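Let's take a walk through this fold together. Have the sequence and the model side by side, and follow along as we go.

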Amino acid sequence: METINIKNCVGYLWYSDKAKPEIYNNRELTLDLSDTSTSFIVEGYLYDKDNKKSHSIRYLDGQYFTKEFDTNKSSGDIIVYKGHKELQDTENYYHPRFEQRWVEIEDPNCENMPASKPGALVFIGF
């Protein structure tokens with residue numbers, strides 16, 4: 001399985017047995033996804049500020065699906081969402097920021113001219 005090591009981590013991990021996500025705001029994180037404890041990560045978005053890498057984690061049907069994105073070359077629109085009501089700690093209410101990436105395709109509805117369609121939605125911090 002995969003291990004994620006981030007020295008300067010921003011993001012959150014929402015475990016199956018917790019009512020609120022665990023928030024990381026400039027903290028160190030070592031995450032072993034082969035851990036077979038009773039809880040699992042339902043959803044996780046992590047951003048490595050030092051290496052400019054974004055990690056998306058989902059758990060579905062007994063296995064983790066992870067995706068890593070390089071954010072050195074920003075190529076999309078920045079979207080800031082109102083965070084879930086539980087996405088807060090005692091001092092802050094966090095608003096997740098994402099980069100909407102676009103994919104260029106030939107569209108038969110546009111006489112096969114290039115058209116952009118939404119691609120990955122990449123977490124880039126709070």
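Which residue in β8 is the bridge partner of Glu-106? Pro-114 is the one to click on. Keep in mind as you look that this is a predicted model.

That pairing belongs to a longer partnership. Strand β7 covers residues 97-107, and strand β8 covers residues 113-123. The two run antiparallel and are joined by nine bridges. Together β7 and β8 make a hairpin, with five residues between the strands. Look in the turn for Glu-111, whose phi is positive, at about 55 degrees. β7 has another partner too: strand β6, residues 77-80, is antiparallel to β7 and joined to it by four bridges. To find your way there, start from Asp-77, whose bridge partner in β7 is Gln-100.

While you are on β7, have a look at its charged side chains. Arg-101 and Glu-99 form a salt bridge, with N and O 3.1 Å apart. Are these two buried or exposed? Arg-101 has a relative accessible area of 16%, and because the cut-off for buried is under 20%, Arg-101 counts as buried. Glu-99 is buried as well, at 2%.

Now move over to the open sheet. Five strands make it up, in the order β2-β1-β3-β4-β5, with antiparallel pairing. At the edges stand β2 and β5 (63-70); each has a single partner strand, so one side of each has no neighbour in the sheet. Going from one strand to the next, the twist averages 35 degrees. As a general point, strands of a sheet pair through backbone hydrogen bonds. For one pairing to trace, take β3 and strand β4 (residues 53-60), which are antiparallel and share six bridges. Leu-46 is a handy marker here, standing opposite His-55 in β4.

Leu-46 also takes us into the nonpolar interior. The largest nonpolar core has 13 residues, and Leu-46 is among those with the most contacts inside it, along with Leu-13, Leu-29, Leu-31, Ile-41 and Ile-57. Which strands supply this core? β1, β2 (22-32) and β3 each give at least two residues, and the largest share, five residues, comes from β1. In general, nonpolar side chains of soluble globular proteins tend to be buried together. Try centring your view on Ile-57: beyond its neighbours within four places in sequence, Ile-57 touches a list of residues including Ile-4, Leu-13, Leu-31, Ile-41, Leu-46 and Phe-65. Polar residues turn up on that list too, among them Glu-43 and Thr-66.

There is another core, apart from the one around Ile-57, with nine residues. Tyr-12, Leu-87, Tyr-94 and Phe-98 are among its members.

Tyr-12 leads straight on to the aromatic rings. The model has nine aromatic pairs. In one of them, Tyr-12 meets Tyr-45 edge-to-face, with 6.0 Å between the centres and 65 degrees between the planes. Tyr-12 sits in strand β1 (residues 3-15) and Tyr-45 in strand β3 (residues 41-48), so this pair links distant parts of the chain, 33 residues apart. Both Tyr-12 and Tyr-45 are buried.

Why is the pair of Phe-123 and Phe-126 called edge-to-face? Their planes stand at 80 degrees, with the ring centres 5.7 Å apart, and planes over 60 degrees apart count as edge-to-face because that is the cut-off. Phe-123 is buried at 1% relative accessibility, whereas Phe-126, at 24%, is partly exposed. Ring pairs gather Phe-123 and Phe-126 into a cluster that also holds Tyr-12, Tyr-45, Tyr-81, Tyr-94 and Phe-98.

Finally, back to charges. The model has four salt bridges. Lys-7 and Glu-28 make one of them, at 3.8 Å from N to O. Lys-7 lies in strand β1 and Glu-28 in strand β2, so their salt bridge ties together parts 21 residues apart in sequence. Both Lys-7 and Glu-28 are exposed. Glu-22 and Arg-27 form another salt bridge, with their closest N and O atoms 3.5 Å apart. Here Glu-22 is partly exposed at 32%, and Arg-27 is partly exposed at 36%.

Technical notes. Residues are numbered from 1 along each chain as its sequence is written. This is a predicted model: local features need pLDDT of at least 70, side-chain atom pairs count only at pLDDT 80 or more; totals for chains, interfaces and linings use all residues. Side-chain values use heavy atoms; hydrogens and water are left out. Rings of Phe, Tyr and Trp (its six-membered ring) pair if their centres lie within 6.5 Å; planes under 30 degrees apart count as stacked, over 60 as edge-to-face and the rest as tilted. Buried means under 20% relative accessible area, exposed over 50%, partly exposed in between (1.4 Å probe, protein chains only). A nonpolar core is a set of buried Ala, Val, Leu, Ile, Met, Phe, Trp, Tyr and Cys residues joined through side-chain atoms within 4.5 Å. Contact means heavy atoms within 4.5 Å. Two strands pair if DSSP finds at least two bridges between them. Axes are lines fitted to C-alpha atoms, for helices over the stretch in contact, and angles run from 0 to 180 degrees between N-to-C directions.
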